[in-house]
Amino acid sequence: MLIETLRLAPFTRGIEGGALLRLARNMTVGQFGRDDVVCERGSRGCDVFLVLSGELAGIVTSLGGKEVMTDWFRRGDLFGELAALDGGGRVRSVRALCTTEVGRLPESAFNAWLAENPQAMRNLLADVAGRVRGMTDRLFELSVHDVETRVRLFLVRALIEAGQLEDGGALDPAPSHNMIAAMVGANREAVSRAVSRFHRAGLIESGRLRIVVRDVRGLEAGI
């Protein structure tokens, strides 16, 4: 599972098998249950984590207790790399959304491996740049769009990431309304109203943790 996941991970594109084996030897594998916190925002640990199975969410909590989901992670995704690179605190907490298996890599081993494999560093920088672009887009959406538009744009992005942006494409499993609400800066009730309207308009068909696209052009255009 570990080597197979490393071969799939975006940050190891172009890296040969021997280098992946050396990386795997320094990893320990742990399992987390639903709602377990893998790392805490502001903590000083610098280990790096690779998702082997399941899903996790990046969470920032306000002083008032409101949670905002910054991003989420699936098999092959890396997190914790910013603290390993600059020695700073964790920028968000990461919580398991279901039973999840994660590989853990010490900061010293991670940085030594990057020094030996410059292509991996380029891959990592490209990934970080993509996430910065994504968060910039989300900040713009939060500033100028209403909740319905934010939910619609979230669904379009999620479908693109899943390779399902087409009539008949599906998010299965789809993120829960609570998860979407945390991602778009709204409450669950507002998200449910938006999804119901899209359903009535014939843009999507929604069920329990499943969303099927019926009119991709309408969903993209906001008809």
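This is a chat about one buried leucine and the salt bridges of a predicted model.

Student: What kind of model is this, and which pLDDT cut-offs apply?
Tutor: The model is predicted; local features need pLDDT of at least 70, side-chain atom pairs count only at pLDDT 80 or more, and totals for chains, interfaces and linings use all residues. Residues are numbered from 1 along each chain as its sequence is written, and side-chain values use heavy atoms, with hydrogens and water left out.

Student: Start with Leu23. Where is it?
Tutor: Leu23 sits in helix H2, residues 17-25. Helices (H or I, at least four residues) and strands (E, at least two) are DSSP runs, numbered from the N terminus.

Student: Is Leu23 buried or exposed?
Tutor: Leu23 counts as buried, because its relative accessibility is 1%. Buried means under 20% relative accessible area, exposed over 50%, and partly exposed in between (1.4 Å probe, protein chains only).

Student: What does Leu23 touch?
Tutor: Leaving out residues up to four places away in sequence, Leu23 touches Leu6, Phe11, Leu105 and Trp113. Contact here means heavy atoms within 4.5 Å.

Student: And how far apart are Leu23 and Thr12?
Tutor: Their C-alpha atoms are 10 Å apart in space, and Leu23 and Thr12 are 11 residues apart in sequence.

Student: New topic. How many salt bridges?
Tutor: The count is 10 salt bridges. The rule is a side-chain nitrogen of Lys or Arg within 4 Å of a carboxyl oxygen of Asp or Glu.

Student: What does Arg104 pair with?
Tutor: Arg104 meets Asp47 in a salt bridge, at 2.7 Å, N to O. Arg104 lies in strand S8 (residues 100-105) and Asp47 in the loop between strand S2 (37-39) and strand S3 (48-53), so the pair ties together parts 57 residues apart in sequence.

Student: What about Arg131 and Glu81?
Tutor: They form a salt bridge, with the closest N and O atoms 2.2 Å apart. Arg131 is in helix H5 (residues 118-144) and Glu81 in helix H3 (residues 81-86), so this pair links distant parts of the chain, 50 residues apart.

Student: Which of those two is buried?
Tutor: Glu81 is buried, at 2% relative accessible area. Arg131 is partly exposed, at 22%.

Student: Any pair with Glu148? What is its partner?
Tutor: Glu148 forms a salt bridge with Arg197, closest N and O atoms 2.8 Å apart. Glu148 is in helix H6 (residues 147-161), Arg197 in helix H8 (residues 188-200), and they are 49 residues apart.

Student: Which residues form a salt-bridge network?
Tutor: Salt bridges that share partners join Glu81, Asp127 and Arg131 into one network.
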